[in-house]
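User: Hi! Could you walk me through this structure step by step?

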Amino acid sequence: MKLVFAGTPEVAVPALDALLASGRHEVAAVVTRPDAPAGRGRRLVASPVADRAEEAGIEVLKPAKPKDPEFLERLREIGPDCCPVVAYGALLPRVALDIPAHGWVNLHFSLLPAWRGAAPVQHAIMAGDEITGASTFLIEEGLDSGPVYGTVTEEIRATDTSGDLLTRLAFAGAGLLSATMDGIEDGTLKAVPQPADGISLAPKVNVEDAHLDWSAPALRVDRMVRGCTPAPGAWTTFRGERLKLIQVTPVPDRTDLAPGQIAAGKNNVYVGTGSYGVELLWVQAQGKKPMRAADWARGVRIGEGERLGG
């Protein structure tokens, strides 16, 4: 088939690579978000997908909005049979969805209908799920509600951050998306409607959502930290300033600390929660680089009875 691939961040690059390597389909163009300011200088930077497409000599389309007439006209000129999508980042209007004969097929990082929305991996970890995966489905105008072509499953490991898990899913999902394109082309794959039950939503996790509640159980605190790493970053406060928590681990035998209470030794830093303690392993103070929690604690000279979270 002739394909137009839509995607933006680094997590979409493995799927583009898989389609380029398949030898079975032609990736005629790539659609991605416009260049965005980045870094201290805030200079405009192309998306990772745009960079990869340019390396491969593929036409790159960067519409401000997918409903822009110039973009729609160019898409009609290219005449794709199907448009595979991975984390493109913009809503597709009906007029765009109708252009390819086989529609737009999205690779979504959950086992639909679980975790529909922008942050499925973060929510799966924060909810304590043991299994997740990726799904390919036909995009409709509803939120991740279209019929599903295929799935792959992935175990959520006890120490997984959302970054760790998303990286594994990006590569597993790349193979699934490529196989889905093959099945659509040869007619062996049919999309199956999603069940009406089991629906859960995964809206974008913002900075305020990542504010830790020390009265929550230790397992909840650990899942919040892992789910919000690397972004937006779980955080608390210490002496009125934000402290980002990068890695913690539950310590069931530390039951002597009140929620938020800090106990700092020579090589360990413990904090109480609503159940038992957690050990802080890596933290990042405001305006500082990430550091080991024990080094941070020595630097700030924690006093007896001090707490995180105010």
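User: What is the strand order in the open sheet of 7 strands?

Analyst: Happy to help! This is a predicted model, where local features need pLDDT of at least 70, side-chain atom pairs count only at pLDDT 80 or more, and totals for chains, interfaces and linings use all residues. Residues are numbered from 1 along each chain as its sequence is written, and side-chain values use heavy atoms, leaving out hydrogens and water. Strands (E, at least two residues) and helices (H or I, at least four) are DSSP runs numbered from the N terminus, and two strands pair if DSSP finds at least two bridges between them. With mixed pairing, the order is E5-E2-E1-E6-E7-E8-E9.

User: Which are the edge strands?

Analyst: An edge strand here pairs on one side only. That description fits strand E5 (59–61) and strand E9 (148–155).

User: In which sense do E8 and E9 pair, and over how many bridges?

Analyst: Strand E8 covers residues 131–138. One of its residues, Thr-132, has Glu-154 in E9 as bridge partner. E8 and E9 pair in the antiparallel sense, over 7 bridges.

User: Why does the salt bridge between Glu-185 and Arg-24 tie together distant parts, and how many residues apart are they?

Analyst: A salt bridge is a side-chain nitrogen of Lys or Arg within 4 Å of a carboxyl oxygen of Asp or Glu, and in this pair the closest N and O atoms are 2.6 Å apart. Glu-185 lies in helix H6, while Arg-24 sits in the loop between helix H1 (13–22) and strand E2 (26–31), so the parts tied together are separated in sequence by 161 residues.

User: Which residues are linked with Arg-24 in a network of salt bridges?

Analyst: Arg-24 also meets Asp-186 in a salt bridge (3.3 Å, N to O). The network links Arg-24 with Asp-182, Glu-185 and Asp-186.
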